[in-house]
Amino acid sequence: MTMSTRTLGSTGPQVSALGLGCMGMSALYGGADRAESIATIHAALEAGVTLIDTGDFYGMGHNELLIGEALRTAPAARREQARVSVKFGALRGPDGGWSGYDGRPAAVKNFAAYSLQRLGVDHIDVYRPARLDTDVPIEETVGAIAELIEKGYVRHVGLSEVGAETIRRAAAVAPVADLQIEYSLISRGIEESVLPVTRELGISVTAYGVLSRGLISGHFTADRQLASDDFRAHSPRFQGENLQHNLNLVEALRKIAGQKGVSVAQIAIAWVLSRGEDIVPLVGARTRERLAESLGALDVTLDAADLAAIEEAVPAGAAAGERYAAAQLAQVER
């Protein structure tokens with residue numbers, strides 16, 4: 001495995017070519033083993049992964065506490081190399097329900113105070129609203145992050161799941177290092193209008209969902225039983241005929257992966273890596289075994305013939321079903 005580095009935008013930190021998304025260790029994908037989660041974070045740091053991604057609402061703070069423990073118990077050198085990205089703003093109730101987003105400046109600073117405490121750090125490397133609060137101008141939200149940067153509590157401004165116009169407005173207030181947004185072989189919506197703007201403005205992309213929540217990992221099967229609290233149990237792409245159609249795409253991809261002697265997950269991650277030096281894939285591994293497989297993508301080289309074969313097997317727009325249910329999709333700028 002060769003762990004290269006990439007820079008988040010023209011102003012952001014240098015990070016590993018792959019980042020670790022920790023959401024699944026706390027929420028939305030069924031139960032996770034705490035000890036294994038911490039061991040996986042430690043293994044990622046040991047392998048040279050520096051970008052650790054979380055959200056203050058993942059498990060209502062559970063994920064930040066988990067990462068805080070993992071960092072605290074990691075060797076000092078590994079702990080110091082970590083760069084933590086935090087999403088904020090999602091509002092939740094005691095029952096785990098969702099009740100909107102809050103991007104008001106006072107709320108931004110309040111969220112940051114709690115995140116710093118839970119993570120056990122003196123600053124957050126990249127701080128970003130999880131979604132756009134349509135009741136608060138993005139300029140006000142980003143302005144509050146800029147104030148946190150001035151006071152040393154945050155290093156860089158990030159954005160998440162916003163469209164081209166919002167990106168431009170945010171960047172006019174303060175330098176934006178990175179946009180986090182879904183991007184994979186079967187979720188290529190950013191290519192039309194978002195990616196051209198981030199590249200014009202020198203903003204990197206951290207791509208989440210590179211395996212489409214396990215759908216194109218090569219490990220998901222049509223007969224898999226999902227818990228009621230698993231996001232995928234309600235996701236359109238995992239339902240009925242949509243699921244079978246999408247798994248057929250995976251089988252087409254499996255043939256290409258087999259010819260190269262790699263796994264489906266590795267070729268899917270390698271495809272995202274091939275899209276540009278300004279894109280950093282986040283892998284959502286919850287175990288050391290899955291992490292090791294994902295890291296193997298760093299050694300996969302895709303030539304022009306490989307990319308053409310992948311494009312033929314899984315062309316843009318080939319997936320059946322939206323990436324979110326209607327109510328959630330309404331909260332995402334496109």
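**Group meeting: a buried aspartate, a helix pair and a parallel barrel**

At 13% relative accessibility, Asp 306 counts as buried, because the cut-off for that word is anything under 20% relative accessible area. Before I go on, please keep in mind that what we are looking at is a predicted model, and I will try to word things with that in mind.

Let me stay with this aspartate for a moment. Asp 306 lies in helix 11, and if we leave aside its neighbours within four places in sequence, Asp 306 is in contact with Lys 260 and Thr 301. What separates the C-alpha atoms of Asp 306 and Ala 257? The two residues are 49 apart along the chain, and their C-alpha atoms are separated by 9.5 Å.

That takes us to the helix pair. Helix 8, which covers residues 240-260, and helix 11, which covers residues 304-313, have axes that come within 9 Å and cross at roughly 160°. With an angle over 145 degrees counting as roughly antiparallel, helix 8 is therefore roughly antiparallel to helix 11. As for handedness, helix 8 passes helix 11 in a right-handed crossing. Which residues do the meeting? On the side of helix 8 they are Leu 249, Ala 252, Leu 253, Ile 256 and Lys 260, and on the side of helix 11 they are Asp 306, Ala 309, Ile 310 and Ala 313, so the aspartate I opened with, buried at 13% relative accessibility, belongs to this contact.

Now to the sheet. A closed barrel of eight strands runs in the order 3-4-5-8-9-10-11-12, and the pairing is parallel. On average, and with direction ignored, neighbouring strands of this sheet are turned by 30° against each other. Packed on the sheet is helix 2, residues 62-72, which touches strand 4 and strand 5 and whose direction makes about 150° with that of strand 4.

I would like to walk through part of the barrel, beginning with strand 4, residues 51-55. Five of the five residues there are buried, so strand 4 is largely enclosed by the rest of the structure. Leu 51, Asp 53 and Gly 55 point one way from the strand, while Ile 52 and Thr 54 point the other way, and all of them are buried. On one side of the pairing, strand 3, residues 19-21, joins strand 4 in the parallel sense over three bridges, and the bridge partner of Leu 20 in strand 4 is Ile 52. Strand 4 is also joined to strand 5 by five bridges, again running parallel, with Leu 51 standing opposite Arg 83 in strand 5.

Strand 5, residues 83-88, in turn runs parallel to strand 8, and four bridges join the two. Here Val 86 has Tyr 127 as its bridge partner in strand 8, and Lys 87 has Arg 128.

Is strand 8 itself, residues 124-129, buried or exposed? Six of its six residues are buried, so strand 8, too, is largely enclosed by the rest of the structure. Its pairing with strand 9, residues 154-160, is parallel and has three bridges, and Tyr 127 stands opposite Val 157 in strand 9. Between these two strands the chain crosses through helix 5, residues 138-150, in a β-α-β crossover that is right-handed.

Terms used:
Residues are numbered from 1 along each chain as its sequence is written. This is a predicted model: local features need pLDDT of at least 70, side-chain atom pairs count only at pLDDT 80 or more; totals for chains, interfaces and linings use all residues. Side-chain values use heavy atoms; hydrogens and water are left out. Buried means under 20% relative accessible area, exposed over 50%, partly exposed in between (1.4 Å probe, protein chains only). Two strands pair if DSSP finds at least two bridges between them. A crossover is right-handed if, with the strands pointing away from the viewer, the path from the first strand over the helix to the second runs clockwise. Axes are lines fitted to C-alpha atoms, for helices over the stretch in contact, and angles run from 0 to 180 degrees between N-to-C directions. Angles under 35 degrees count as roughly parallel, over 145 as roughly antiparallel, 65 to 115 as roughly perpendicular and the rest as oblique. A crossing is left-handed if the near helix is turned anticlockwise from the far one by less than a right angle, and right-handed if clockwise. Contact means heavy atoms within 4.5 Å.
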